[in-house]
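Thank you for making time for this at the end of the meeting. I would like to walk through a few features one at a time, and I will try to keep the reasoning explicit as we go.

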Amino acid sequence: MTATLEPAATTKGARAGTAPADVIRRAKEAGVQIVDVKFCDLPGTWQHFSLPLKELTESVFVEGIGFDGSSIRGFQAINESDMLLVPDPASAFVDPCLQVPTLSLTCDVVDPVTGEAYSRDPRYVARKAEQYLVKSGVATTAYYGPEAEFYIFNSARFDQNAHEGYYYIDSEEGIWNSGANGTPNLGHRPRHKEGYFPVPPVDRLQDLRSKIVLAMLAAGIDVEVHHHEVGTAGQTEIDMRFQTLTRMADQMMMYKYVVKNVCHQYGYTATFMPKPLFGDNGSGMHVHMSLWKDDKNLFFDANGYALISDTARWYIGGLIKHAAALLAFAAPTTNSYRRLVPGYEAPINLIYSQRNRSAICRIPVYSKSAKSKRIEFRAPDPACNPYLTFAALLMAGLDGIKHKIEPPKPMDVDLYDLEPEERKHVKNTPGSLAESLAALEADHDFLLGGEVFTPDVIETWLAYKRSKEIDPVALRPHPYEFFLYYDV
């Protein structure tokens, strides 16, 4: 179904004033039968359970609903498992992907013993970051606009056990199918790194992307544009209009949910894995940011380089200074570092520049309007937890403003083509998740201001990533090792 709760609370003011009674009334008017409550685990995956609409009372928005926190990644031990979910009425939308009319509510996690917000709830971290911004006096609002890329395949098979390890991806649009036989081959496929962006029939996913966009609009997400991306085999981008930090993190969770489910309904499989294909572009999530004080964009200066202010430059300085630690959240998988390599438009250079996509920080210059001035941090990828990533980016930027951190001088050249003498002065992003985690371990004081991040959250993140991801990957033979070493 594609109904929205009307009047749909899509503006900042309307969302902030949404009352539980209004949500329940509008749900009944929309014919809702089931209520789905969702929350985010520490790594960044939506979790959920459902109840009949009659069980959704105004008291639920205050008292919460119980769940087992010990079964959730990064949450509680089994001896302290009882936790509560408190729905946010401003998050309500009718799920456009389900046949049974279902109301979706994003929840905050609460400790039932103390009645306090749960420190490991990623959404709580994001909300604290917004509160810290206001208390700092620097700005009143942080706006975020992520550009999440993903691949749409027809099939993705993979397995790993004691005697085998493999993956096999297929796509009707993949250039490798140009010679496939068995059924009539209609040709028209984007070559490697040439998917940006020819018209159909080379772009075979136009209608599917449009269906995804219509579902997002039905869910209350304000979409600006969709298009094929650079990679063959269905790389795609759909861009949302900017929003406030926590609300945009909510929308990023909605975005991934809608993409995966609409693709599934039409016989496709979507992945936000940063680097699923060898030899073609990975999927990033470039994050656009700006700080505002009431109605003034603090990042604009008509006399500044690329029209940015001192505040924006110092913000960039903070991002670049703390980039290695930030990537522990923003590029949080071992696969992320298959993307962050030279070439493929990967933003590995710790430099800022106008227009330049080889720098980690780009300043878009499409418009000279003060309202449009923003900076783009290009290293994150869509595997990240958006609540933690957006919060960490804000904290790094605020640290830059607080200490007036100057970034390296801007470079308006292709950083991949630098001469060796020039190249040695340009620092790069970490080469592995292990390096990024070590950087976070050594450099995280900037995250602790206002208790936005707590030592417990950082320690839990480090332990989880090392024990559940780095170590298991390191223990297993890689398929290419057989190519290299089988005949030794």
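Please keep in mind throughout that this is a predicted model. Let me begin at the surface, with Y480, which has a relative accessibility of 46% and therefore counts as partly exposed, the class between under 20% for buried and over 50% for exposed. This tyrosine lies in helix α14, which covers residues 479-485, and together with F483, L484, Y485 and V488 it makes a nonpolar surface patch of about 630 Å².

Now to another helix, α7, which runs over residues 310-321. How far apart should the ends of its 12 residues be? At 1.5 Å a residue the expected span is 16 Å, and the end C-alpha atoms are in fact 16 Å apart, so the geometry agrees with the expectation. As for its surroundings, 10 of the 12 residues of α7 are buried, which means that the helix is largely enclosed by the rest of the structure. Among those buried residues are R313, W314 and Y315, as well as the two glycines G317 and G318.

Let me turn next to the strands, where β4, residues 82-87, is a convenient place to start, since it is mostly covered, with five of its six residues buried. With strand β3, residues 65-68, β4 pairs in the antiparallel sense over four bridges, and within that pairing M83 of β4 is the bridge partner of F67. Strand β4 also pairs with strand β6, residues 102-110, again in the antiparallel sense and over four bridges, and here the bridge partner of P87 is C107 in β6.

That cysteine leads me to the last topic, which is sulfur. How many disulfides does the structure hold? The count is zero, and two cysteines illustrate the distances involved. The sulfur of C40 has its closest cysteine sulfur in C384, at 9.9 Å, which is too far for a bond because a disulfide requires the two sulfur atoms to be within 2.5 Å. C97 is likewise in no disulfide, the nearest cysteine sulfur being that of C263, 10.0 Å away. Are these two residues buried or exposed? C40 has a relative accessibility of 3% and so counts as buried, and C97, with a relative accessible area of 9%, is buried as well.

That is where I will stop, and I am happy to go back to any of these points.

Terms used: Residues numbered from 1 in each chain as written. Predicted model: local features only at pLDDT ≥ 70, side-chain atom pairs only at ≥ 80, totals over all residues. Heavy atoms only, no water. Expected span 1.5 Å × (residues − 1). Buried < 20%, exposed > 50% of the residue type's maximum accessible area, 1.4 Å probe, protein only. Patch = residues over 30% accessible without salt bridge, like charges linked within 9 Å, V, L, I, M, F, W, Y side chains within 5 Å. Areas by Shrake-Rupley, 256 points an atom, 1.4 Å probe, with all protein chains shown as cover. Salt bridge = Lys/Arg side-chain N within 4 Å of Asp/Glu carboxyl O. Pairing = 2+ DSSP bridges.
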